[in-house]
Amino acid sequence: MSHYLPLSRVARLVGESRSALQRLIRAGELTTFDGQIELDELLRVFPDVKWQDDGEYEHVEEIKRKAFGKRVYERALPDKEVLAERLFELGKEFAAAKSLLIHYDRVFGWLEERLVGFAEDDPGSADALMAIRIWLRRQLDEAPQEAERGKALLAEESVMRVMSVRVVVQPSGHEFFVEGNDTILEAALRAGISLNYGCSNGNCGDCKVKLVSGQVRKVHPHDYVLKETDKVAGAILMCSYTAVTDIVIEANVSGAGDIPEQTIPTRVKAVEFIDDKLAALHLTTPRSQRLRFLAGQRVSLNVAGLEGEYAIASCPCEDRHIELHIRRDNRPFSRMVFEDLRKEAPVTLTGPLGRFVIQMDSRRPTLFVAWDDGFAPIKSLIQHAMSLEVAESMDLYWISEALPHYQDNLCRSWTDALDNFRYRALSAADGADANVAAILADHADLGHFDLYAAGPADFLDKLKQAAFARGLSPLGWHGEIVL
Ligand code: FES
């Protein structure tokens, strides 16, 4: 009896990214059937993985968690009732497998009896029939070499299925995992999948989706009333429900143009002066009104009539926290941030703006290039790309006047945590031409790349022309001018 596992779960079991597994599949080194991987094939391709020792994988996950900022550790375990239901489901599977084994055992006993009977009826075939019987018995008694490893893998997979379940979004085919006591919506946002939602607390009904298969459970009450026809059609609210088993939902994944403009009253959580030229402004949105945006987009800020437009440096997965990098210059908004803005001050935020967003379905290797505080949208994009785990490789070039860069440690932690991530710090003092040359010296052919760059217009222009000359497709170029 074959046992198949979905690719996303295999990635977690072996501690590899989905893009790394896709590479093996493309190279013909790992065989899939209908997008799933058979247990024996998994053991063949990953003979050295210790299934009970996931320390390395945990280490990478830990750094990713820290890199993504605040994580709510108390959410690590599922809700008691959800846990009970998952264990019950697993128990049903165990009971079914056990009764199948009992049935096979009976069939085998019956077969043995028949072989003995045939041998008695036909003494001429007795030796051959007895040889078959002994061979069959030996096959059953001798556990195959792979049995222990297969057992360990299945044990780990079972624990994983109790702790987290898989969600497949139709028709796009995106996948993510619901962990701990996250709702389906929270899990989607953490995974960088942009699904439609509004209030995120059960009032507006914007997060309504159709449950195609699997079991869900309501974990937060909702005031929005689902009509009888909705219920019959299998509608659920993602912000109120969690998944009990692996589920399939029908929902649209949003692009940059699909997210409506929102105006949100926020408060200053902190103004962090990185150095005398740059401040990180941390804002908190109200519980009932988090900002819906895609990584790489901008917002307009208004404080008592003073306005400024900045790229968001945080990830959409970071709950209610919005981070913006404000450069010190002569603009009134910038001066106000450096001289007057205090904790708890009200800031009205309008957005999201712009289309500098990640191509969610691209599996191509990706170059990220930031010039100085152009790092803000690039940081958000990188975090999104990490959540999606689809880019084959990621290279970050950060060109700055001051070395080391203000979030140099963060970039190095990404390099340590991910084996497909590389980081190179460059100096603005070398000039635009030298920096473009330095970046392209590492990449002779950009024919299959995506390139995301944020910085001054003249630098972007030089980089774009040089990248096109190296074969970059116009569709692979994504530039954001930072004023
Ligand atoms: S987002 Fe408003 S009800 Fe779910």
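Begin with the open sheet of this predicted model: select its five strands, which lie in the order β4-β3-β9-β5-β7 with mixed pairing. Colour the two edge strands next, β4 (175-179) and β7 (235-237), each of which pairs on one side only. Looking across the sheet, one finds a twist that averages 40° from one strand to the next.

Remain at the β7 edge and add strand β5, residues 208-213. The strands β5 and β7 run antiparallel and are joined by three bridges. To locate the pairing at residue level, display Val209, which stands opposite Ile236 in β7.

Now move to strand β15, residues 346-353. Which strands should be shown with β15? One is β10 (residues 262-275), which runs antiparallel to β15 and is joined to it by six bridges. Within this pairing, select Arg267 together with its bridge partner in β15, Pro346. Another is β12 (residues 298-303), paired with β15 in the antiparallel sense over four bridges. Here the residues to display are Arg298 and Leu353, the latter being the bridge partner in β15.

Turn next to the helices, and select α5 (residues 80-121) and α6 (residues 126-141). Their axes are 8 Å apart and the packing angle is about 160°. Angles over 145 degrees count as roughly antiparallel, and α5 and α6 are therefore described in that way relative to each other. The crossing of these two helices is left-handed. Show side chains for the contact: on α5, Phe108, Leu111, Glu112, Leu115, Val116, Phe118 and Ala119; on α6, Ala126, Leu129, Met130, Ile132, Arg133, Leu136, Arg137 and Leu140. Colouring by class separates the residues of this contact into twelve nonpolar and three charged, with no polar residue.

For the last stop, select α1 (residues 7-14) and α7 (residues 147-163). How are these two helices arranged? They pack at an angle of about 110°, and their axes lie 11 Å apart. Because of that angle, α1 is roughly perpendicular to α7. The crossing of α1 and α7 is right-handed. From α1, display Arg9, Arg12 and Leu13; from α7, display Leu153, Glu156, Glu157, Met160 and Arg161, which complete the contact. By class, five residues of the contact between α1 and α7 are charged, three are nonpolar and none is polar.

Technical notes. Residues are numbered from 1 along each chain as its sequence is written. This is a predicted model: local features need pLDDT of at least 70, side-chain atom pairs count only at pLDDT 80 or more; totals for chains, interfaces and linings use all residues. Side-chain values use heavy atoms; hydrogens and water are left out. Two strands pair if DSSP finds at least two bridges between them. Axes are lines fitted to C-alpha atoms, for helices over the stretch in contact, and angles run from 0 to 180 degrees between N-to-C directions. Angles under 35 degrees count as roughly parallel, over 145 as roughly antiparallel, 65 to 115 as roughly perpendicular and the rest as oblique. A crossing is left-handed if the near helix is turned anticlockwise from the far one by less than a right angle, and right-handed if clockwise. Contact means heavy atoms within 4.5 Å. Ala, Val, Leu, Ile, Met, Phe, Trp, Tyr, Cys and Pro count as nonpolar, Asp, Glu, Lys and Arg as charged, and the others, Gly among them, as polar.
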